[in-house]
Amino acid sequence: MGGCHSYPSASEAEDTAQQPTDIGNKLGINNNNLEERPYLQPQYVCQRITHTDMHALTALPPGLDQSEWLASNTVAFFKHINLFSSALSEFCTPSTCPTACGPGNTVYTWTDEQGRKLKCSAPLYFDYAMSYIQDLLTDEDVFPTKAGSAFPNGFVFLVQKVFLLLFRTLAHIYWSHYRETLALGLQPHLNTLFSHLSLFSLQHGLLEQEDIQPMEDLITALGQESSQHLEL
Ligand SMILES: [Zn+2]
């Protein structure tokens, strides 16, 4: 499909929310799914702030150390996603989001340092998540900044944990705050950020299949859309 030059308003989106679509049919997405997950609607799926080839952007550049590549991308994704979620934070409160949930009402439970599972509201969960990541990124033993310092054993495991939390942050926004995202006109940014994050995670084996599953329909839709765009 082409013609993705104008961004429809949120009210136009509501008007078309129940219309069957070619792309939706091709992807096997039924109308119920489109109603429940407006972010799968083709007129939104095609919106990005750039149509750069994400595969080229995420692949390890020749000659670069993989841990260095993972570290610098982890820092960059954290900054972008932290900034993005703070733009929507006023809409994510203990009363609007009493549980930290994602697509299909997947509920995320925070595990504290003693291994206790805590059921908490979404703002509290994502507050814990961002503080946890911030502490890791500023720990010189985990993310060394001095030339010649080695990355610790288990570095990839910690990076995986960070990517899981960042992935869940965006999953919660798609699931619970897509209406506000549209109202602020941030959907092209969200799609670009999520495409970049999910492709980077897939390319470097940072997420488990079970973690990806709730967002798999969107990943497929975004992938088909970007490959169509590159063929044009
Ligand atoms: Zn929320």
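## Helix 10 and an annotated binding site

In this predicted model, helix 10 runs over residues 187-203, and its 17 residues reach 24 Å from the first C-alpha to the last, close to the 24 Å expected at 1.5 Å a residue. The buried residues of this helix include Q187, L190, N191, L193 and F194, and among them are also S195, H196, L197, S198, F200 and S201. Helix 10 is followed by G205, which has a positive phi, near 60°.

A separate part of the description comes from a record. The unreviewed UniProt entry carries the annotation "binding site" for C92, C97, H172 and H177. These residues span 86 residues in sequence, yet no two of their C-alpha atoms are more than 9.8 Å apart, so they gather at one spot.

The two histidines of this annotation are set out below.

| Residue | Place | C-beta atoms of other residues within 10 Å | Contacts beyond four places in sequence |
|---|---|---|---|
| H172 | helix 8 (residues 155-176) | 24 | A100, C101, G102 and A122 |
| H177 | loop between helix 8 and helix 9 (178-183) | 22 | L88, F91 and C92 |

H172 counts as buried because 24 other C-beta atoms lie within 10 Å, where 20 or more are required. H177 is likewise buried, with 22 C-beta neighbours inside 10 Å. Which residues does H177 contact, once its neighbours within four places in sequence are left aside? They are L88, F91 and C92, and C92 itself is covered by the "binding site" annotation in the UniProt record.

Methods: Residues numbered from 1 in each chain as written. Predicted model: local features only at pLDDT ≥ 70, side-chain atom pairs only at ≥ 80, totals over all residues. Helix = DSSP H or I, 4+ residues; strand = E, 2+ residues; numbered from the N terminus. Expected span 1.5 Å × (residues − 1). Buried ≥ 20, exposed ≤ 12 C-beta atoms within 10 Å, placed from the backbone. UniProt positions renumbered as here; feature names shortened; annotations may be inferred. Contact = placed C-beta atoms within 7 Å.
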